[in-house]
Amino acid sequence: MNNSDFFALSFNSGYLTFLDQTKLPGIEDYVQTDDYERIAVGIERLEIRGAPAIGIAAAYALALAVKNKTVGIEEDFDKAYSRIARTRPTAVNLFYALGVIKTSFESLSDKSKAYDVLLNKAKEIHSDDIDKCRKISENGLAVFNKKSRVLTHCNAGMLATGGMGTAVGVIAYAFEKGMVEKVYADETRPLFQGSRLTAFELDKLGIPFSIQIDSAAAVLMQKGLVDLVITGADRIAANGDSANKIGTYNLAVLCNYHKIPFYIAAPTSTIDTGTETGAGIKVEERSKDEITRINNSLITKEHFNVFSPAFDVTPNELITGIITEEKLHYPPYKF
Ligand code: MRU
């Protein structure tokens, strides 16, 4: 299934290589680095993005922070931990991965072995995610009861994970099984993760698709052209309320009105049982430039005020089911 000729993240010979997603789909440019600061900046700029991929990159970054370090290794580790934790606040996978690496570092009596041990942990997080994506995709097949037209938002595919993706992974697996007729990919304003990234992946996978502006989803549903909606998530609260790319909540409301099933696909590392409801999820606000400019070119007035939340939270009662690597969860959600 994963016969793609690109990858989001790969670690070899002491360096992380990542595909700069800001240049896709036109340019496939890989960045190779062993500098955790470069990885932190890559996460902030969305060169590396998508909740699971952010977590994996963060784990490698924290391991790299102690590469070739002997004196003052604890201080270096703490400094890198705080820096990477500040990159993006919503995707809980970031904090999950940093937590795993921190626990591993703290349990080491001989810190001279830190780099090797932490790197192995990061590799484990990466390969676990590959497995989880595959299982999510398999578990997701149950949501298709006929050859379907599926709408998705943002990018929850190979670019956003270590493996074949979550929402796009489910779609790709179901396509292989003959259960997907076509995909509608929301363009996903403001940074076009749908029209640039999901479209890039679907094209490579040979899955029929079209892209539409986000506000065309309503009319597609009204015309009876959408059988189900599947998206990813950045953080799922203990009650199932789910944060995902801004515009996801709109889709869930539309699905409710049009009686269309609305599913979330995510690994358990995206579930934050420490946060009771969506009200407790911190939503990142992005720079106004992402709204006022396209390709650096000003499309409105510089001094206009902007409201730019990167995510919204869909209440659990609008979610038909949550597909994880463990199973397909139905309401009332208990993880
Ligand atoms: O701002 P982004 O591009 O990182 O937002 C990504 C999303 O909203 C994805 O849907 C989510 O992280 C799930 S990725 C498997």
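Start with the whole chain in view: with 335 residues, a compact globule would have a radius of gyration near 20 Å, and the protein has 19 Å, which agrees. (That radius is taken over C-alpha atoms, and the globule rule is 2.2 Å times the number of residues to the power 0.38.) This is a predicted model, in which local features need pLDDT of at least 70 and side-chain atom pairs count only at pLDDT 80 or more, while totals for chains, interfaces and linings use all residues. Residues are numbered from 1 along each chain as its sequence is written, and side-chain values use heavy atoms, leaving out hydrogens and water.

Still zoomed out, switch to cartoon. You should find ten helices and 16 strands; these are DSSP runs numbered from the N terminus, helices being H or I of at least four residues and strands E of at least two. Along the principal axes, the C-alpha atoms fill a box of roughly 65 × 50 × 40 Å.

Now select residues 9-12 and 30-33. These are β1 and β3, the edge strands, each pairing on one side only. They belong to an open sheet of three strands in the order β1-β2-β3, with antiparallel pairing (two strands pair if DSSP finds at least two bridges between them). Add residues 15-19 for β2, which is joined to β1 by four bridges. Click on Phe11 and look across to Leu16, its bridge partner in β2.

Next, show residues 51-64. This is helix α2, which lies across β1, β2 and β3 and runs at about 25 degrees to β1. Here contact means heavy atoms within 4.5 Å; axes are lines fitted to C-alpha atoms, for helices over the stretch in contact, with angles from 0 to 180 degrees between N-to-C directions.

What links Phe11 in strand β1 to Tyr60 in helix α2? Show both side chains: the ring centres are 4.8 Å apart and the planes are at 15 degrees, so the pair is stacked. (Rings of Phe, Tyr and Trp, using its six-membered ring, pair if their centres lie within 6.5 Å; planes under 30 degrees apart are stacked, over 60 edge-to-face, and the rest tilted.) The two residues are 49 residues apart in the chain.

Are these two buried or exposed? Phe11 is buried at 11% relative accessible area, and Tyr60 is buried at 3%. (Buried means under 20%, exposed over 50%, partly exposed in between, with a 1.4 Å probe and protein chains only.)

For a last stop, select Lys111 and Phe105: the charged end of Lys111 sits over the Phe105 ring, 4.8 Å from its centre.

Methods
Lys NZ or Arg CZ within 6 Å of the ring centre and 35° of its normal.
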